[in-house]
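Reader: I'm new to this one and would like to learn how to read it. Could you walk me through it?

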Amino acid sequence: MIKEVEVLNSGSPLGDGGKIRVGAVSYLNTKPLIYGFRQGMMADSIELIEEYPSKVAKMLVDDEIDIGLVPVAVIPFLKEYHIVSDYGIACDGDVASVCLFSDVPLEEIKTILLDYQSRSSVALLKVLLKEQWKITPELIAAEAGYENTIKGTTAGLVIGDRALQQRLKNKYIYDLGQGWKELTGLPFVFAAWISNKKLPADFINEFNKANDFGLQKLAEVIKENPYVYYDLHKYYTENIKFKPQFDKLAVITLFLEKLKFYEK
């Protein structure tokens, strides 16, 4: 079972220099959530570190950060975990930036190259291949630059900013958020703010406020991150659900239950 958030009513900040170490994904999809931090909010209490999803997850597991916006598939690998914020990266249908790209229809795909930057997306793909799309291609762990080899019967799972660019290159796009919606009828949670230790309640309150700040300043966020490959206003307001209005714990629990059958 996924645990409800536990917080301390008081306590001193964690991490070096008296600051709580916060890890965030260095993708466009996190820019609204970390905008407040970049504007100086909580500067005295946090140290912000940006990396790609699987790296942030490993840092949380290794206790190199105290809280991270991490793929939910990392939860079983944490000795202790707490979902500590109202915010995260979720979708209710198409997410646009987590997709299987191909030059041929699903039934003709022979090989899939797996994005090395995300554990949750690879896990979700395995669920969809088995339960929704019912195909059994060879799965290959990919390395940097693999997007250029997606051609013929070789498809590729691409996430993040690179996925938004890849949308312009391949004929067939299979959105994993939409695939999950069709399979379960539910939204999906790609990443959540998770801590590996209890954090003070006042810190969590301020943390939520900082997350919300960027969502109230989307025009400024978009101006600060010019992008020609995809409409960021659509991405931030239609594709991504930054503050899920559904039972995210139930969705995460269902995903992790399914994941048990596909993780090697």
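Author: We'll go from the whole chain down to helices and then to single residues. Keep in mind that this is a predicted model.

Reader: Let's begin with the overall view. How many helices and strands does the chain have?

Author: A good start is to count the pieces of secondary structure. Here the chain has nine helices and 12 strands. The radius of gyration is 18 Å, close to the 18 Å that the globule rule gives for 264 residues, so the chain is as compact as a globular protein of that length. Along the principal axes, the C-alpha atoms fill a box of roughly 55 × 40 × 30 Å.

Reader: What share of the residues counts as buried?

Author: Buried means under 20% relative accessible area. By that cut-off, 56% of the 264 residues are buried. As for the surface, the chain exposes about 11,900 Å², and carbon and sulfur atoms supply 49% of that area.

Reader: And what about contacts between residues that are separated in sequence?

Author: For that, take the contacts between residues at least 6 apart in sequence and look at how they are spread. In this chain, 85% of them join residues at least 24 apart.

Reader: How many positive and negative side chains are there, and how far apart are the centres of the two sets?

Author: You count each kind, then compare where the two sets are centred. The chain has 31 positive and 36 negative side chains, with the two centres 3 Å apart.

Reader: On to helices. Why do residues three or four places apart point the same way in an α-helix?

Author: An α-helix has 3.6 residues a turn, so residues with that spacing end up pointing the same way. Now try helix α2, residues 53-61, where Pro53, Val56, Ala57, Met59 and Leu60 are buried. Looking down the axis of α2, these buried residues fall within an arc of 160°, so they line one face of the helix.

Reader: What covers the buried residues of α2?

Author: Strands are part of the cover, including β2 (20-25), β3 (46-51), β4 (67-71), β9 (154-159) and β11 (188-195).

Reader: Can we repeat that with another helix? Which residues of α8 are buried?

Author: In α8 they are Leu232, Tyr235, Tyr236 and Asn239. They cover an arc of only 120° around the axis, which puts them on the same side of α8. Their packing partners are α1 (31-38), β5 (82-91), α4 (160-166) and α7. Lys234 is also found in α8, but at 35% relative accessibility Lys234 counts as partly exposed. The C-alpha atoms of Lys234 and Ala96 are separated by 10.0 Å, with their positions 138 residues apart along the chain.

Reader: What comes after α2, and what is the sign of its phi?

Author: Phi is a backbone angle, and here we just look at its sign. α2 is followed by Asp63, which has a positive phi of about 60° although Asp63 is not a glycine. Asp63 lies in the loop between α2 and β4 and is partly exposed, with a relative accessible area of 38%.

Reader: Where is Lys134, and is it buried or exposed?

Author: Lys134 sits in the loop between α3 (119-131) and β8 (138-141). With a relative accessible area of 62%, Lys134 is exposed. Lys134 is another non-glycine with a positive phi, about 55° in this case.

Reader: Now for loops. Is Gln117 buried or exposed?

Author: A loop position doesn't settle that, and you need the accessible area. Gln117 is found in the loop between β7 (111-114) and α3, yet Gln117 is buried, with a relative accessible area of 9%. Leaving out residues up to four places away in sequence, Gln117 touches Tyr27, Tyr52, Pro53, Ser54, Ile159 and Arg162. Pro53 is one of the buried residues of α2. For contrast, take Phe77 in the loop between β4 and β5: Phe77 is partly exposed, with a relative accessible area of 43%.

Reader: One last loop, please. Which residues does Tyr227 touch?

Author: Tyr227 lies in the loop between α7 (218-224) and α8 (232-239). Setting aside residues up to four places away in sequence, Tyr227 touches Leu28, Asp161, Leu164, Gln165 and Leu232. Gln165 is 62 residues from Tyr227 along the chain, and their C-alpha atoms are separated by 10.0 Å. Leu232 brings us back to α8, where Leu232 is among the buried residues.

Terms used. Residues numbered from 1 in each chain as written. Predicted model: local features only at pLDDT ≥ 70, side-chain atom pairs only at ≥ 80, totals over all residues. Heavy atoms only, no water. Buried < 20%, exposed > 50% of the residue type's maximum accessible area, 1.4 Å probe, protein only. Helix = DSSP H or I, 4+ residues; strand = E, 2+ residues; numbered from the N terminus. Arc of directions from axis to C-beta. Contact = heavy atoms within 4.5 Å. Rg over C-alpha atoms; globule rule 2.2 N^0.38 Å. Areas by Shrake-Rupley, 256 points an atom, 1.4 Å probe, with all protein chains shown as cover. Lys, Arg positive; Asp, Glu negative; His and termini not counted. Charge placed at Lys NZ, Arg CZ, Asp CG, Glu CD.
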